[in-house]
Structures are given as C-alpha cells and as structure tokens.
Amino acid sequence: MLWPKNARGLHHSSLTVLVHFKLFFHHFLCPHSNEQKLKFGFRKVYGDTVYRTLRATRVEKARQYFDQAEDNILQVANQVGYANASHFTAAFRDCFGMTPSVYLSNRK
C-alpha cells in the first residue's frame, strides 16, 4: 500500500485520499504498474513525494484559514485533517519556519 513513512500525523481522511489515488492510478491509468513506478511518476510530474505534496497543501490551507478566520490552532488543525495538534505544529513549522502560534501573533 501507499503509506507515508510517518502516517501518524495524518487524519483518516487524508490516508483515504492517498489510498484512492493509488487505486485510481492502478485501475484506470496504468493497471500493470507497481508502487515504485507510481511514486517515481508522481515525483517526476509534481517534483515531490505524494506525502510532502499533500502535507504542503494542507499546511498552506491552514495558513489561509488563519488569515481569514479567528479559529484557534486546534480547530484549524482538525479542519485540514490533523488529529494531533503537535503533528500539525511540526508540519507548519517545517513549511513556514515558525509555529502556528508565532504566525498568529505576527499577523495581529
């Protein structure tokens, strides 16, 4: 199966998206392909892994939520699919170089 090496920070719905992507690819686009070819093809087209692309998309969406609403960090983490706020904070810091709380305090 196509599972990120560290799937603990992913919400169930995000894992479902990854699984559906793999199933769609195998059944409709390239039924005789293997997982390694799928990963290679995705990376070649998008320039990054499926996991990092999904993670960057989710964190960018979270930044947009912070800019548009007054939701707290836990609410935004849940909205973008993180069940654990500390995993969300780590992902946000990796992408933007600061924690969500620092981002929010700088925004005000």
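How many residues apart in helix α3 are Arg63 and Glu60? They are three residues apart, so about one helical turn separates them. Keep in mind as you look around that this is a predicted model. Two kinds of side-chain contact are worth a tour here: a search of the whole structure turns up seven aromatic pairs, and the structure also holds four salt bridges.

**Aromatic rings**

- Start with Phe66 and Phe92: their ring centres are 5.9 Å apart and their planes sit at 75°, so this pair is edge-to-face. The cut-off behind that label is an angle over 60 degrees.
- This pair links distant parts of the chain, with Phe66 in helix α3 (residues 50-68) and Phe92 in helix α5 (residues 85-96), 26 residues apart.
- Are these two rings buried or exposed? Phe66 is buried, with a relative accessible area of 0%, and Phe92 also counts as buried, at 0% relative accessibility.
- Phe92 has another ring partner in Phe96, and this pair is tilted, with 4.8 Å from centre to centre and 50° between the planes.
- Phe92 and Phe96 are four residues apart in helix α5, so they are separated by about one helical turn.
- Phe96 is partly exposed, with a relative accessible area of 29%, whereas its partner Phe92 is buried.
- Zoom out a bit and you'll find that ring pairs join Phe66, Tyr82, Phe88, Phe92, Phe96 and Tyr103 into a cluster.

**A charge over a ring**

- Which ring has the charged end of Arg58 sitting over it? That ring belongs to Tyr82, and the charged end of Arg58 is 3.9 Å from its centre.
- Tyr82 is also one of the members of the aromatic cluster, so you can find this spot by starting from those rings.

**A salt bridge between two helices**

- Arg55 and Asp94 form a salt bridge, and their closest N and O atoms are 2.5 Å apart.
- Here again distant parts of the chain are linked: Arg55 is in helix α3 and Asp94 is in helix α5, 39 residues apart.
- The two partners get different labels for accessibility: Arg55 counts as buried at 16%, while Asp94 is exposed, with a relative accessible area of 54%. The cut-offs at work are under 20% for buried and over 50% for exposed.

**A salt-bridge network in helix α3**

- Back to the opening pair: Arg63 forms a salt bridge with Glu60, with 2.4 Å between the closest N and O atoms.
- Arg63 also makes a salt bridge with Asp67, where the closest N and O atoms are 2.8 Å apart.
- Asp67 and Arg63 are four residues apart in helix α3, so about one helical turn lies between them.
- Put together, Glu60, Arg63 and Asp67 are linked in a network of salt bridges.
- How accessible are the three members? Arg63 is partly exposed, with a relative accessible area of 22%; Glu60 counts as partly exposed at 26%; and Asp67 is partly exposed at 37%.

Key: Residues numbered from 1 in each chain as written. Predicted model: local features only at pLDDT ≥ 70, side-chain atom pairs only at ≥ 80, totals over all residues. Heavy atoms only, no water. Phe/Tyr/Trp six-rings, centres within 6.5 Å; stacked < 30°, edge-to-face > 60°. Buried < 20%, exposed > 50% of the residue type's maximum accessible area, 1.4 Å probe, protein only. Lys NZ or Arg CZ within 6 Å of the ring centre and 35° of its normal.
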